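Student: I would like to learn how to read a model of this kind with care, feature by feature. Could we take the sequence and the structure side by side?

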Amino acid sequence: MKKLRMFVAAVAAISLSGAVFAAGNGPSGVIHFRGKIVEGACSVARDGGVQATFSCLRAGVNHVRAVNISRSDVTHLPKDIATVQSLPVNKHPELQLLVVSYR
């Protein structure tokens, strides 16, 4: 009987700690947005091993640019929409971080 009580108490403690953890999942708040989103982000498709194609719709026109992602040079997308740079991840040649900075 004593073992059963200990088991029930342990299960209750674990359940309560999980509920407290779930309730505190980080900061929360409200964001008020005024205005409208007029243009979406560019889409990216990988073409083979060392090239990515960016497709950006601006003012009803689709602008496409192929970017060599094997180099770390900064590449400007058409209409100066954004810049693209490929960076190595932890010196692993097969891993790269593709940074797109919108203007």
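Student: Let me begin with one side chain: does Arg 58 count as buried or exposed, and at what relative accessibility?

Tutor: Please keep in mind throughout that this is a predicted model. Burial is judged from relative accessible area, and buried means under 20%; Arg 58 has 12% relative accessibility, so this arginine counts as buried. Arg 58 belongs to strand 2.

Student: What surrounds Arg 58, once residues up to four places away in sequence are set aside?

Tutor: With those neighbours left out, Arg 58 touches Glu 39, Gly 40, Cys 42, His 63, Ile 81 and Tyr 102. For a charged side chain one also looks for polar partners, and here a polar atom of the Arg 58 side chain lies 2.9 Å from the backbone oxygen of Gly 40.

Student: Cys 42 appears among those contacts; which residue forms a disulfide with Cys 42, and how far apart are the sulfur atoms?

Tutor: A disulfide is recognised from the distance between two cysteine sulfur atoms, with a limit of 2.5 Å. Cys 42 and Cys 56 meet this rule, with their sulfur atoms 2.0 Å apart, and the count for the model comes to one disulfide. The link between Cys 42 and Cys 56 is right-handed, with 110° about the S-S bond. Because Cys 42 lies in the loop between helix 1 (2-23) and strand 1 (43-47), whereas Cys 56 lies in strand 2, the pair ties together parts that are 14 residues apart in sequence. Both Cys 42 and Cys 56 are buried.

Student: Which residues make up the largest nonpolar core?

Tutor: A core is read as a connected set rather than as a list of single residues, and the largest one has 10 residues in all: Cys 42, Ala 52, Phe 54, Cys 56, Val 67, Ile 69, Leu 77, Ile 81, Ala 82 and Val 84. Strand 2 (51-58) and strand 5 (82-89) each supply at least two of these residues, and strand 2 gives the most, with three. To see one member in its setting, take Ile 69, which touches Arg 46, Gly 49, Val 50, Gln 51, Ala 52, Ser 86, Gln 96 and Leu 98, not counting residues up to four places away in sequence.

Student: Where does Val 44 lie, and is Val 44 buried or partly exposed?

Tutor: Val 44 is in strand 1, and with a relative accessible area of 44% this valine is partly exposed. Apart from neighbours within four places in sequence, Val 44 is in contact with Ala 52, Thr 53, Phe 54 and Leu 98.

Student: How should I read the open sheet of three strands, and what is its order?

Tutor: One follows the pairing from edge to edge: the order is 4-5-6, with antiparallel pairing, and the edge strands, strand 4 (75-76) and strand 6 (92-102), each pair on one side only. Strand 5 and strand 6 run antiparallel and are joined by eight bridges, and Leu 87 stands opposite Leu 97 in strand 6.

Student: What average pLDDT does the protein have, and how many of the residues score at least 70?

Tutor: The average pLDDT is 76, and 75% of the residues score at least 70. Over residues 1-13, however, the pLDDT is below 50, and this stretch has zero contacts in the model beyond near neighbours in sequence; residues 15-22 likewise have a pLDDT below 50 and zero contacts of that kind. Where pLDDT is low, predicted coordinates should not be read in detail.

Notes: Residues are numbered from 1 along each chain as its sequence is written. This is a predicted model: local features need pLDDT of at least 70, side-chain atom pairs count only at pLDDT 80 or more; totals for chains, interfaces and linings use all residues. Side-chain values use heavy atoms; hydrogens and water are left out. A nonpolar core is a set of buried Ala, Val, Leu, Ile, Met, Phe, Trp, Tyr and Cys residues joined through side-chain atoms within 4.5 Å. Buried means under 20% relative accessible area, exposed over 50%, partly exposed in between (1.4 Å probe, protein chains only). Helices (H or I, at least four residues) and strands (E, at least two) are DSSP runs, numbered from the N terminus. Contact means heavy atoms within 4.5 Å. A polar contact is a pair of N or O atoms within 3.5 Å; within protein, one must be able to donate a hydrogen and the other to accept it, and residues adjacent in sequence count only if both atoms are side-chain atoms. Two strands pair if DSSP finds at least two bridges between them. pLDDT is the predictor's confidence in each residue, from 0 to 100.
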